[in-house]
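Q: I have a structure open and would like to go through it step by step. Could we start with the strands and then move on to the helices and loops?

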Amino acid sequence: MMIEFKNSNENLINTTLPVGAEGVITPILIIKEDTENNKEYSVSYFERPKVLFFDVNETLLDLNMMKKSIGAALGDHPELMSLWFTTMLQYSLVTTVANQYQDFGTIGAAALIMVAHKNGIAITDKQAKDAVAAILSLPAHPEVREALLLLKKEGFKLVAFTNSSNKAVETQLKYAGIHYIFDDVLSIEDVGKFKPHVDTYNWAAKKMRLKPNECMLIAAHGWDVAGANWAGWQTAFVNRPGQQLFPLANLPEINEENILSVAQKLISIPFQQL
């Protein structure tokens with residue numbers, strides 16, 4: 001059932017509020033502003049996900065250490081970190097739509113060389129590879145371990161789902177000290193396409209023997225949340241500093257500032273037991 005009504009009011013409230021009772025599918029009130037500055041209210045039903053899929057880079061792992069490494073390689077310009085990261089994402093998608101594949105680290109090094117040359121900075125292939133290798137030794141965000149253990153205690157099945165290669169993500173999660181918490185780890189390397197291609201989400205759901213609506217992606221990137229939603233998944237956005245939702249995509253079921261807040265929201269909702 002979907003109930004919609006409009007009411008003239010103020011600015012956008014980008015949030016989801018659980019309302020419901022034990023033993024029923026929980027309705028979520030989603031509030032968004034239409035083009036005439038009215039609020040559109042809709043009630044949809046939010047079922048307990050069978051598996052929580054976590055993006056890794058930036059969602060679970062803190063990229064601030066990368067700023068030093070990338071900044072040093074770019075002539076002590078850490079402000080170019082975001083340009084490097086978006087260039088890496090751009091060319092991961094270029095390879096995907098062209099039916100090509102290189103691992104994330106290789107694309108990251110190539111993107112770093114591109115950014116350096118664009119800004120008149122000399123850099124060797126080795127310097128680029130060494131700088132990007134810092135992504136293998138990132139700490140988890142401070143709240144991550146507590147949040148994952150809390151979700152595990154509450155019976156949720158946890159899967160890491162990343163654009164990093166199989167070898168890279170294994171190294172990353174072990175370094176961060178959180179590898180043992182996950183029930184499984186999935187890398188898009190096995191499907192040869194990068195998120196947010198729809199095939200990656202379909203593959204991950206099939207790998208875990210799930211229907212799309214039984215999956216929830218938890219990610220700090222608007223493009224990842226949008227891709228999962230368009231593939232039929234439930235989503236939770238981790239609103240890390242500087243990250244934004246894609247305005248043309250549907251709102252996520254959950255929108256919180258960190259993983260612990262997402263975990264607490266998931267635990268607080270009286271889901272129907274499927």
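A: Certainly, and please note that this is a predicted model. A starting point is A160, whose bridge partner in β7 is V185.

Q: In which sense do β6 and β7 pair, and over how many bridges?
A: Strand β6, residues 157–162, pairs with strand β7, residues 184–187, in the parallel sense. The pairing extends over 4 bridges.

Q: And how does the chain get from β6 to β7?
A: It passes through helix α6, which covers residues 166–176. The resulting β-α-β crossover is right-handed.

Q: What about β5, how does that run relative to β6?
A: β5 and β6 run parallel and are joined by 4 bridges. Within β6, A160 is the bridge partner of F54. A160 is thus a useful residue to select, as it is bridged to F54 and also to V185 in β7.

Q: What is the order of the strands in the whole sheet?
A: The sheet is open and has 6 strands, in the order β7-β6-β5-β8-β9-β10, with parallel pairing.

Q: Which strands stand at the edges, and why does one side of each lack a neighbour?
A: The edge strands are β7 and β10, the latter being residues 254–256. Each has a single partner strand, so one of its sides is left without a neighbour in the sheet.

Q: By how many degrees are neighbouring strands turned against each other?
A: The average is 20 degrees, with direction ignored.

Q: Which strands does α9 touch?
A: Helix α9, residues 259–268, packs on the sheet and touches β5, β8, β9 and β10. The direction of α9 makes about 140 degrees with that of β10.

Q: Moving to helices: how do α1 and α4 sit relative to each other?
A: The axes of α1 (residues 64–73) and α4 (residues 125–132) come within 9 Å and cross at roughly 170 degrees. Angles over 145 degrees count as roughly antiparallel, so α1 is roughly antiparallel to α4.

Q: Which residues meet there?
A: From α1 there are M66, S69, I70 and A73, and from α4 there are D130, A131 and V132. By class, this contact has 5 nonpolar residues, 1 polar and 1 charged.

Q: New topic: how many aromatic pairs are there?
A: The count comes to 10 aromatic pairs. One of them is formed by F53 and W233, with 4.6 Å from centre to centre and 40 degrees between the planes, a tilted arrangement. F53 lies in strand β5 and W233 in the loop between α8 and β9, so the pair ties together parts that are 180 residues apart in sequence.

Q: Now the loops. Where is the cis peptide bond?
A: It joins K195 and P196, with omega at about 15 degrees. P196 belongs to the loop between β7 and α7.

Q: What is K193 in contact with?
A: K193 is found in that loop between β7 and α7 as well. Leaving aside its neighbours within four places in sequence, K193 is in contact with T96, I188, D199 and T200. Its C-alpha is also 7.9 Å from that of N99, although K193 and N99 are 94 residues apart in sequence.

Q: Last one: what is the phi of E58, and where is it?
A: E58 has a positive phi of about 80 degrees although it is not a glycine. It is placed in the loop between β5 and α1.

Key
Residues numbered from 1 in each chain as written. Predicted model: local features only at pLDDT ≥ 70, side-chain atom pairs only at ≥ 80, totals over all residues. Heavy atoms only, no water. Axes fitted to C-alpha atoms, helices over the stretch in contact; angles between N-to-C directions. Helix = DSSP H or I, 4+ residues; strand = E, 2+ residues; numbered from the N terminus. Parallel < 35°, antiparallel > 145°, perpendicular 65-115°, else oblique. Contact = heavy atoms within 4.5 Å. Nonpolar A, V, L, I, M, F, W, Y, C, P; charged D, E, K, R; others polar. Pairing = 2+ DSSP bridges. Right-handed = clockwise from strand over helix to strand, strands pointing away. Phe/Tyr/Trp six-rings, centres within 6.5 Å; stacked < 30°, edge-to-face > 60°.
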